[in-house]
Amino acid sequence: MIAYCGLDCSKCDGYLATQADDDDKRAAVAKQWSAQYGADIKPEHINCDGCSSEGRKFFYCSEMCEVRKCAMAKAVPNCAACDDYACDTLEKFFALAPDARTALDALRD
Ligand code: SF4
Ligand code: SF4
């Protein structure tokens, strides 16, 4: 469940609300993410089975995430396997999500 970027999708509130199929949790996550990201995220947007899964995706992760797009284009299982690790795009992301760096560094060891 480690995303291309190093996030652990199994701990993501959106993933947990989806797997529990809990509309109250979806509403809470939508409210929290709307405030956090300055976006109009609705409860019905909170449906995600994880970044690398075949299933449902939160629209930001599937349509807008530059790290995911890049890793898929390079056909790497995640950024830890990329020859350009850690590129500028990933470093910018790590500044917001230091745990993702820790996870990918561990995969590279
Ligand atoms: S891909 Fe889905 S589960 Fe993973 S971080 Fe994004 S919203 Fe959460
Ligand atoms: S170039 Fe950067 S974002 Fe793209 S796969 Fe490599 S490390 Fe990930």
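From the N terminus on, the elements of this protein run α-α-α-α-α-α, and the count that goes with that order is 6 helices and 0 strands. I should say at once that what we have in front of us is a predicted model, and everything I describe this morning is computed from it.

Let me take the overall dimensions next. Along the principal axes, the C-alpha atoms fill a box of roughly 40 × 25 × 25 Å. The radius of gyration is 14 Å, and because a compact globule with 109 residues would have a value near 13 Å, the protein agrees with that expectation. Of those 109 residues, 29% count as buried. If we consider contacts between residues at least 6 apart in sequence, 47% of them join residues at least 24 apart.

Now to the interior. Which residues have the most contacts inside the largest nonpolar core? They are Y4, C5, V67 and C79, in a core of 25 residues. The helices α1 (13-20), α2 (23-37), α4, α5 and α6 (98-108) each supply at least two residues of this core, and the largest share, 3 residues, comes from α5.

One of those well-connected residues, V67, deserves a moment, since its partners will come up again. Leaving aside neighbours within four places in sequence, V67 is in contact with Y4, C5, C79, T89, L90 and F93.

That list brings us to L90, which sits in helix α5. Is L90 buried or exposed? The cut-off for buried is 20 or more other C-beta atoms within 10 Å, and L90 counts as buried because it has 24 C-beta neighbours inside 10 Å. Not counting residues up to four places away in sequence, L90 touches C5, V67, C79 and Y85. L90 and R101 are 11 residues apart along the chain, and their C-alpha atoms are separated by 8.8 Å.

Finally, let me turn to ligand 2. There are 13 residues around ligand 2, and those that come nearest are C70, A71, C79, C82 and C87; you will recognise C79 from the core, where C79 is among the residues with the most contacts. The elements that give two or more residues to this shell are α4 (66-74) and α5 (88-96), with α4 providing the largest share, 4 residues. How do the residues of the shell divide by character into nonpolar, polar and charged? There are 10 nonpolar, 1 polar and 2 charged residues around ligand 2.

So that we leave with the two helices in mind: α5 gives the largest share of the core, and α4 gives the largest share of the shell around ligand 2.

Notes. Residues numbered from 1 in each chain as written. Chains lettered and ligands numbered in written order. Predicted model: local features only at pLDDT ≥ 70, side-chain atom pairs only at ≥ 80, totals over all residues. Near = placed C-beta within 6 Å. Nonpolar A, V, L, I, M, F, W, Y, C, P; charged D, E, K, R; others polar. Buried ≥ 20, exposed ≤ 12 C-beta atoms within 10 Å, placed from the backbone. Contact = placed C-beta atoms within 7 Å. Core = buried A, V, L, I, M, F, W, Y, C linked by C-beta atoms within 7 Å. Rg over C-alpha atoms; globule rule 2.2 N^0.38 Å.
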